Amino acid sequence: MARCEVVAGGRWSPFSAAGIRRRLLEAVLCGATNHKRKKGAEPPQSIPPPPDEDRRLEKLSELLQAEARESRIRGEAEKKRKIEAFEEMQGVVSRLQETGEDFDRRRADAAAEVRRLAKDNPEARQTLAMLGAIPPLVGLLDAEDSESHISALYALLNLGIGNDENKSAIVKAGAVHKMLALIESGLPTTPTSTAEAIVAVLLSLGALDANKPIIGASSGAILFLVNFFRTPNPNTNSTQSKDDALRALFNLSISPSNAGQLIDSGLVPCLIAAIGEDANISERALAVLSNLVAASPEGRSAVSCVADAFPVLVDVLNWSDEPGCQEKAAYILMVMAHKSRGVDRAAMAAAGITSALLELALVGSALAQKRASRILEMFSEDKGKEALKGGIVAVSAPIDSSGGGRSMSAASVAEIEEEKGMSEERRAVRRLVVQSWQNNMRRIARRANLPPDFAPSDSFRELAASSSKSLPF
C-alpha cells in the first residue's frame with residue numbers, strides 16, 4: 001500500500017508532487033540506481049552460476065563435512081585412548097600397592113609394566129608418579145628375589161628420565177639407602193645385573209644438583225661406584241660398565257661437598273690409571289680430576305702422590321686427535337702449577353712439559369693454547385725459573401752442509417745478537433722454540449728419506465726465530 005506522509009498535522013498523498021519528490025529522495029538515499037531505464041526495457045536479472053561452479057561448491061562442502069567428521073572421530077578416539085591408558089596405569093599402580101607375601105609376584109610384574117609404560121612416554125612418567133607408583137617401587141627393593149629388584153630398579157630409572165620432580169621424589173622415598181643396603185647384604189654374591197642397574201639409577205639420580213650431596217653423604221655410595229669402576233665384571237660389557245660408573249662419579253664430583261669422600265675412596269689413582277685405555281673414558285677421567293684438583297688442596301695433593309701422574313698428564317698434551325683431553329689435561333696442570341708446591345713444577349718439567357706446552361701453544365685448540373700459554377708464563381716467573389731451566393737442553397749449532405763440521409751461519413749470528421737484550425726467561429723460551437722446530441725438521445727429514453747431513457736453510461731458521469716472538473711473554 002502507498003504510505004501517507006504526515007507533515008505539520010496534514011497528510012500528503014503519495015501521488016502529490018511533494019510525495020513524489022519525497023519518494024525519489026528516499027530512493028536515492030537508500031542506494032537506488034541513478035541510471036534511467038530505457039522505455040520498454042526489462043529489469044536486469046542476476047546471472048546464474050555455471051553448472052561446473054555449482055558442482056565445485058557442492059564438492060567443497062562435502063569435503064569440509066567429511067573433514068569435520070574425521071576430526072571428530074579422531075578426537076573421540078584420542079580421548080578414548082587416553083582414558084584407557086589412564087585406567088591401565090591405575091590398574092598397574094593398584095597392583096604395585098598390594099601388600100602381603102602372596103602378591104610379590106604380581107608386584108614384580110606390575111613393576112615390569114611400569115618400566116615398559118615409562119620407557120618412551122614422558123606423560124606416562126608424570127601420570128604414574130602422580131598416581132603414587134614411586135613409593136611401592138622403592139619398597140619392592142626389600143623383596144627376596146633379584147628379579148623383583150631389577151624390575152623395580154629399571155622402573156625407577158625410566159620414571160626419572162627427563163623428569164627432575166621424579167628424581168627428587170625417588171631419593172626422598174629412600175631409594176639410595178635401600179640400594180646400598182641391597183649391595184651390602186648381598187656382597188659378594190650380588191648379581192652383576194643388579195649391580196649394573198644400581199649404577200644406572202645412581203647415574204640418573206645424580207644428574208639432579210639437589211641429589212648430588214644427598215647421594216654423596218649416603219654411606220657407601222661413592223665407595224661402591226669407585227669399586228665398580230675399578231673392577232667391572234668381566235662377563236659384561238666392561239667398557240660400558242666403567243663408563244656408567246665414571247659418569248656417575250663425575251656427577252657427584254661437581255658438588256664440592258663430595259670431594260673429600262671421592263679422594264678418600266682412592267679414586268684419584270684409578271683415574272690416572274684409566275687414562276689411555278679408551279678415548280671416552282680418558283676424557284671423563286680427566287674431567288673428574290679437573291673437578292677434584294679445583295675443589296680442594298687434598299685433590300691436588302692426591303694427584304701429586306701418584307708416581308706417574310705428571311708423565312701421564314704431559315703425555316695427554318700430545319694427543320693432537322683428542323682436543324678435549326688436551327684441554328682438560330692442560331687445565332689440571334695449570335691448576336697444579338698455580339696452587340701447588342714448587343716440587344710439582346719441577347716434576348712437570350722433568351716430565352718434559354715445556355716442549356709439550358710450546359707445541360700445544362702453537363697448534364692446539366684455542367682453549368688449549370690459552371691454558372698452555374698460562375702455564376708457560378708461570379714457569380717464566382721467578383718461582384718457576386729453576387724448574388724451567390731443568391727442562392732445557394742445549395741447542396746444537398747448525399750443521400754445515402758442506403761436511404766441514406759445525407759452523408755459525410749468518411742467521412745464527414743475528415739470533416745471538418738479538419738475544420743479548422732479552423731476559424733470561426725469554427731467551428730460554430726462544431731456544432726451546434728453535435729446539436722444537438729442529439726436532440720437527442729432523443722427523444720430516446727421516447720421513448722424506450733425506451740425507452743424514454740435511455740442514456735447514458737460513459730462511460727456515462729465520463722463520464723459526466720469528467715464531468718465538470709471537471709467544472705471550
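Helix α2, spanning residues 51-96 of this predicted model, holds both Arg 74 and Glu 70. Four residues separate the pair, or about one turn of the helix. Their side chains form a salt bridge, with the closest N and O atoms 4.0 Å apart. Since a salt bridge calls for a nitrogen within 4 Å of a carboxyl oxygen, this pair sits right at the cut-off. As for solvent, Arg 74 is partly exposed, at a relative accessible area of 47%, and Glu 70 is partly exposed too, at 42%.

A little further along in the numbering, Glu 78 and Arg 81 also pair up in a salt bridge, here with an N to O distance of 2.6 Å. These two belong to helix α2 as well and are three residues apart, so about one helical turn lies between them. Glu 78 has a relative accessibility of 34% and therefore counts as partly exposed. Arg 81, with a relative accessible area of 43%, is partly exposed.

Helix α3 (residues 104-118) has a pair of its own, Arg 105 and Asp 109. Their closest N and O atoms are 3.1 Å apart, which makes a salt bridge. The spacing here is four residues, again about one helical turn. Arg 105 comes out partly exposed at 39% relative accessible area, and Asp 109 is likewise partly exposed, at 41%. Elsewhere, salt bridges with shared partners tie Asp 243, Asp 244, Arg 247 and Arg 284 together into one network. The full tally for the model is 16 salt bridges.

How far can the model be trusted, going by pLDDT? The protein averages 78, and 66% of the residues score at least 70. Confidence is highest in helix α7 (residues 164-172), with a mean of 96, and lowest in strand β1 (residues 5-7), with a mean of 44. The stretch covering residues 1-12 has pLDDT below 50, though it makes 14 contacts in the model beyond near neighbours in sequence. Residues 32-39 also stay under 50, and for them the model has one contact beyond four places in sequence. Where pLDDT is low, the predicted coordinates should not be read in detail. That caution applies to residues 1-12, where pLDDT is below 50, and to residues 32-39, where pLDDT stays under 50.

Definitions and conventions. Residues are numbered from 1 along each chain as its sequence is written. This is a predicted model: local features need pLDDT of at least 70, side-chain atom pairs count only at pLDDT 80 or more; totals for chains, interfaces and linings use all residues. Side-chain values use heavy atoms; hydrogens and water are left out. Buried means under 20% relative accessible area, exposed over 50%, partly exposed in between (1.4 Å probe, protein chains only). pLDDT is the predictor's confidence in each residue, from 0 to 100. Contact means heavy atoms within 4.5 Å.
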